[in-house]
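Colleague: Please take a close look at one helix in this model and at what surrounds it. I would like one connected account rather than a list.

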Amino acid sequence: MSVQLAEKTKLMRIYQPTLIPGILQTAEYAQAILKRSIERHRIPDDLEAGVAKRLERQQLLYRGDRRFHILVAEQALYTTVGGDGVMLGQLDRLLAAIGLPRVSFGVVPSIAELPMQITNFVMFDDKKVMVETPAAELTITQPREITVYGQTFDALAGQSVTGDVARTLIRRALTIRIQAE
């Protein structure tokens, strides 16, 4: 995600089906994700700089007047990244994120009926959508296609749970992790 683009965005909509979005990742979670990417793609090892940059981007949550509407599928609460200890810290971070004033956070329950086959995406207002694939990052700028992503996000948001119900799902995932240790 481009920090400059994010800084110009008033409403950022993020959907992630299997992982926690970078804007909410702990340093340990980000390190595990980025380490995998470095190994898989055989790119130069700039792990420390990558983690620092990801954490720096999180300052967007606290500066300016932009808003974030973040949705994760329930599976993202259970996908293991970096082991149980890392996941405990990450799930605790999500509980804290629910209370952030500029963040609307929802969990799409595993029993929700999805509108279609979906991948992760980030919407920057109604101007641009970025999609990460295993091989590349796609940038969508065609208004008709952006509209489809907006409709998809709205359908997912309609299926999501927020507030205390989202906290309950996160705590359930935390309890399972604690019991597994």
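Modeller: The model is predicted, and the part to start from is helix H5, residues 84-97. H5 has 14 residues and reaches 20 Å from its first C-alpha to its last, close to the 20 Å expected at 1.5 Å a residue. Val86, Met87, Leu88, Gln90, Leu91, Arg93, Leu94, Leu95 and Ala97 of this helix are buried. As background, an α-helix has 3.6 residues a turn, so residues three or four places apart point the same way. Ala96 also belongs to H5. Because its relative accessible area is 46%, Ala96 is partly exposed. Its C-alpha atom is separated by 23 Å from that of Ala180, and these two residues are 84 residues apart along the chain.

The buried side of the story continues in the nonpolar core. In soluble globular proteins, nonpolar side chains tend to be buried together. The largest nonpolar core here has 38 residues, and those with the most contacts inside it are Leu24, Leu77 and Phe105. At least two residues of this core come from each of S1, helix H2 (27-41), S2, helix H4 (75-78), H5, S3, S4 and helix H7 (163-180). H5 gives the most, with 7 residues. Leu77 shows how the helix is tied to its surroundings: leaving aside residues up to four places away in sequence, Leu77 touches Met87, Leu91 and Leu94, and also Val72, Val107, Leu169, Ile170, Ala173 and Arg177. A second, separate core of 14 residues includes Tyr15, Phe121, Met123 and Val131.

The loop that leads into the helix deserves a word. Thr79 lies between H4 and H5. A polar atom of the Thr79 side chain lies 2.8 Å from the backbone oxygen of Thr18. With residues up to four places away in sequence not counted, Thr79 touches Thr18, Leu19, Met87 and Arg177. Met87 and Arg177 are thus contacts of Thr79, and both are also among the residues that Leu77 touches.

Next comes the sheet. It is open, with 6 strands in the order S3-S2-S1-S4-S5-S6 and mixed pairing. Strand S3 (103-108) and strand S6 (137-140) are the edge strands, each pairing on one side only. With direction ignored, neighbouring strands are turned by 15 degrees against each other on average. Helix H6 (residues 143-159) packs on this sheet and touches S1, S2, S3, strand S4 (121-124), strand S5 (128-132) and S6; the direction of H6 makes about 110 degrees with that of S4.

Within the sheet, strand S1 (residues 11-16) and strand S2 (residues 67-73) run parallel and are joined by 6 bridges. Ile14 has Ile70 as its bridge partner in S2. S2 and S3 also pair in the parallel sense, over 6 bridges. Here Val72 stands opposite Val107 in S3, and both valines are touched by Leu77. Although S3 is an edge strand, it is mostly covered, with 5 of its 6 residues buried.

Some individual residues elsewhere fill in the picture. Thr152 is found in helix H6. It counts as buried because its relative accessibility is 8%, under the 20% cut-off. The Thr152 side chain reaches the backbone oxygen of Val148 at 2.8 Å. Not counting residues up to four places away in sequence, Thr152 touches Pro115, Met116, Ile118 and Phe121. Phe121 is in turn one of the residues of the second core.

Asp125 is found in the loop between S4 and S5. Its phi is near 50 degrees, a positive value in a residue other than glycine. Most residues other than glycine have a negative phi. Asp125 is buried because its relative accessible area is 14%.

Ser37, finally, is found in helix H2. It counts as partly exposed because its relative accessibility is 27%. The C-alpha atoms of Ser37 and Pro134 are separated by 9.3 Å, with the two residues 97 residues apart along the chain.

To return to the helix you may care about: H5 supplies 7 residues to the largest core, while Ala96 in that helix is partly exposed.

Terms used:
Residues numbered from 1 in each chain as written. Predicted model: local features only at pLDDT ≥ 70, side-chain atom pairs only at ≥ 80, totals over all residues. Heavy atoms only, no water. Helix = DSSP H or I, 4+ residues; strand = E, 2+ residues; numbered from the N terminus. Expected span 1.5 Å × (residues − 1). Buried < 20%, exposed > 50% of the residue type's maximum accessible area, 1.4 Å probe, protein only. Pairing = 2+ DSSP bridges. Axes fitted to C-alpha atoms, helices over the stretch in contact; angles between N-to-C directions. Contact = heavy atoms within 4.5 Å. Core = buried A, V, L, I, M, F, W, Y, C linked by side-chain atoms within 4.5 Å. Polar contact = N/O pair within 3.5 Å; in protein donor to acceptor, adjacent residues only side chain to side chain.
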